[in-house]
Amino acid sequence: MVGSSHEALHRIFQKDPTLLTKALQKVLRVPFPEPREIAALNIDLTEIEPVERRVDTLLRAETDEGTYLLVVESQGKVDERKRGSWPYYLSYLYEKYRCEPVLIVITQSSSTARWAARPIRLGFPGWESLTVRPLVLGPDNVPVIADERQAEKDVPLAVLSAMTHGRGPQAAAILESLAAALRTIDPDSAAVFVQFVDSCLADPQAKQMWRDLMTAIQYFWRHPLAEQVREEGRIQDRQEMTLRILEWRGVSVPTSVRERVMACTDLDQLEAWAQRAVHATNATELFTEE
């Protein structure tokens, strides 16, 4: 399954990009134009210099009023470094694509949402050279969808509701309504949404309840697409664990090593590298026996 709630929160938008524009229009009341087409773009913002910068999801939306870049960031907690990173992302993307970037922050925390919504003003007070106003989706503005019929009318929004309200007092009703609504959509989409919700539920009771609900719909867990999502999550977890072991031990990880590890999709190979990382004194020792 998907490795973390951070991963799940932005992968849902890759699965259904129109959910972003719906959220802007219906939740934040932003008059964003209806897109004719939405395309996923490369999330890597790394420059030639050895500074790695990546956004979580990057989509290009073509509308009658122009082209927009939808920059999605999943934010689990307050991180003041982002108040420097976000302006950089937007400026870089505008320079690269020459179209308007829109920053959207997704969070499950009310306090994080309030922090993220604060405008970022750079420059002399009152004459700022740059102002960034993130659009924030969180538990305080994403609607609670705890009614089965309402969930059936807009299943992706019901999924977002479960992902942002999964630890609240109405979690049980939200999950039950979503479970019923998932039966009404195509199995491929349902299989992926099941995995996303399972991955983002941090409350143990809510997660167990969701899994109990899903035992009545065994098809989702056996579906090849659901297994593919789980496999992708396992691969990413192993890739990141290998690199984290080296970093925890104070071993410098060159870009070439990082890229080779992140490009590998063989779980057995990644497991072997992770074991070598425990004892390696140099990152390239991961590959010595190959």
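This passage describes the salt bridges and the nonpolar cores of the structure. The model is a predicted one, and residues are numbered from 1 along the chain as its sequence is written.

Side chains of opposite charge can pair when their charged atoms come close. In the structure as a whole, a search finds 8 salt bridges, and three of these pairs are described here in turn. One of them joins Lys 26 to Asp 154, with a distance of 3.4 Å from N to O. Because Lys 26 belongs to helix 2 (residues 18-27), whereas Asp 154 sits in the loop between helix 5 (148-153) and helix 6 (155-165), this pair ties together parts that are 128 residues apart in sequence. The two partners can also be described by their accessibility: Lys 26, at 44% relative accessibility, counts as partly exposed, while Asp 154, at 10%, is below the limit of 20% and therefore counts as buried.

A further salt bridge is formed by Glu 271 and Arg 238, whose closest N and O atoms are 3.1 Å apart. This pair, too, links distant parts of the chain, since Glu 271 lies in helix 13 (residues 267-277) and Arg 238 in helix 11 (residues 224-248), with their positions 33 residues apart in the numbering. Glu 271 has a relative accessible area of 29% and is partly exposed, and Arg 238, with 25%, is likewise partly exposed.

Helix 11 also holds a salt bridge between Arg 244 and Glu 240, for which the N to O distance is 3.8 Å. As these two residues are 4 residues apart in helix 11, about one helical turn separates them. Arg 244 is partly exposed, with a relative accessible area of 33%, and Glu 240 is partly exposed as well, with a value of 29%.

Attention now turns to the nonpolar residues. The largest nonpolar core comprises 42 residues, and those with the most contacts inside it are Leu 70, Ile 104, Leu 178, Leu 182, Val 197 and Trp 210. At least two residues of this core come from each of several elements, namely helix 2, strand 2 (57-63), strand 3 (66-74), strand 4 (100-106), helix 6, helix 7 (171-182), helix 8 (187-200) and helix 9 (204-215). When neighbours within four places in sequence are left aside, the residues in contact with Leu 70 include Leu 20, Phe 32, Leu 58, Val 102 and Ile 104. Separate from this core is a second one of 18 residues, among them Leu 69, Leu 90, Trp 115 and Ala 116.

Definitions and conventions: This is a predicted model: local features need pLDDT of at least 70, side-chain atom pairs count only at pLDDT 80 or more; totals for chains, interfaces and linings use all residues. Side-chain values use heavy atoms; hydrogens and water are left out. A salt bridge is a side-chain nitrogen of Lys or Arg within 4 Å of a carboxyl oxygen of Asp or Glu. Buried means under 20% relative accessible area, exposed over 50%, partly exposed in between (1.4 Å probe, protein chains only). A nonpolar core is a set of buried Ala, Val, Leu, Ile, Met, Phe, Trp, Tyr and Cys residues joined through side-chain atoms within 4.5 Å. Contact means heavy atoms within 4.5 Å.
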